[in-house]
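Me: Could you walk me through this structure with a few questions and answers? I am new to this, so please explain the terms as we go.

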Amino acid sequence: MPATTDLEGLGLDEGGHLLVDRALAQLRAGDRLTVTGRHPALRVHLAAWCRARGHRLADDADDVPDGQPTIVKGAAGERRWRDARRAGAADAPEERADPRWGLAARGALVETGGPPIGAEWTEREHVWADIAPRLYAAAAANQWDPATAVNWTAPADVPDEIERAVVQLMTYLVENEQAALIIPARLLSQLHPHFREVMQLLATQAADEARHVEVFTRRGLLTGGPLGTSSAGGRASLQTLLAEPDFTTASFLLSVLGEGTFIDLLRFIHRHAPDPVTADVARLALRDEARHVAFGVAHTAHLVTTDTSYLGRLRQSVERRHAALQDTAGLNTEVFDSLVLLAAGSWQPTAISRGWQAVRDLQATMDEGRRRRLAYIGFPDDEAAELSALHTRNFM
Ligand SMILES: [Fe+2]
Ligand SMILES: [Fe+2]
């Protein structure tokens, strides 16, 4: 006695195939399923559907009940999933992501034969940090709206020359933020999506930088523009970051050393801001940058604990960058002078002297911060001091 499913008036092309599939799922290859129903095209549709799915519609030679179409189940459906493997477990990444998993969700049952993903980074240790899922959650919860997070119409009475210094700093910040946006976006495009939390975190990082580009541009143009200058040396320094081919050395140079240094710079601009908008944009960017630095430090430290020889590669990346930039000016002199003037607040020689000292103190604070982060990653103190001193004069 073959199994039966009744479609009543439902056509196979109106969802009836769901009922047929459901009934067939209970059967083994070679078993029969009789389909009853009133739809006038039922037999014609079933014949075509069976051919497409690897089943057979019984004919006169088969001993089947009169008048009712009967399906003989094929083996293709069973074969389809026989060689399928899960793309790891949904809750945590595997040590190695198989390129053949392609774009499948982590933990999904993956049918064989799909296109492999052309990702460059497939090893967990080369991209991972245990803090990544928590940092992503914090990033998603702390996205702010540039239109409302800053009081753009706050009254400000900034003297012309101080305003020009602010505009110069904003111009410089924008080009640095653009580099900081492109790098995580590039890393993201070469990352196996199996490392989902890192992918999500890099996406929020790029979104953070997009907002930084926006608010610094908007502050720069707030009093009518034009923007300040962009130096060849500053851009050369950023260009070396874009060219860094390895995930970890790129993350190290950008986030540990560059954005780490920027945290002190943004704090300085916030402290000496001559108007509320400048203070706001520096404070908001600073909050995001802390997450970017946290991931860079955590990932680099994580990789070094699994492979201490990696310290050598990190060191080489700093030395290589230093050598590449040796003949460039590094920091835009207009940027340095603007920092002095910002901290001075006026052209009085005693004020300029105070501003000058404040910038020297800033550079010392930046150096201390870099040394502390390098030591945390695993560098001995003397080597940390040496590498910090080789960091680009452009700060990022
Ligand atoms: Fe930023
Ligand atoms: Fe950043």
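Me: Leaving aside neighbours within four places in sequence, which residues is Thr36 in contact with?
Reply: Happy to help! This is a predicted model, where local features need pLDDT of at least 70, side-chain atom pairs count only at pLDDT 80 or more, and totals for chains, interfaces and linings use all residues. Residues are numbered from 1 along each chain as written, chains are lettered from A and ligands numbered from 1 in the order written, and side-chain values use heavy atoms, without hydrogens and water. Contact means heavy atoms within 4.5 Å, and Thr36 has such contacts with Thr4, Thr5, Asp6, Leu7, Glu8, Leu42 and Gln68.

Me: Is Thr36 buried or exposed?
Reply: Buried means under 20% relative accessible area, exposed over 50%, and partly exposed in between (1.4 Å probe, protein chains only). Thr36 has 19% relative accessibility, so Thr36 counts as buried.

Me: Which residue coordinates both the iron ion (ligand 2) and the iron ion (ligand 1)?
Reply: Donors are N, O and S atoms within 2.8 Å of the metal (3.2 Å for Na, K and Ca); water is not among the atoms, so sites may look incomplete. The iron ion (ligand 2) is coordinated by Glu209, Glu259, Glu289 and His292, at 1.9 to 2.7 Å. The two iron ions are 3.5 Å apart, and the residue coordinating both is Glu209.

Me: What is the relative accessible area of Glu209?
Reply: Remember the cut-off for buried: under 20%. Glu209 is buried, because its relative accessible area is 0%.
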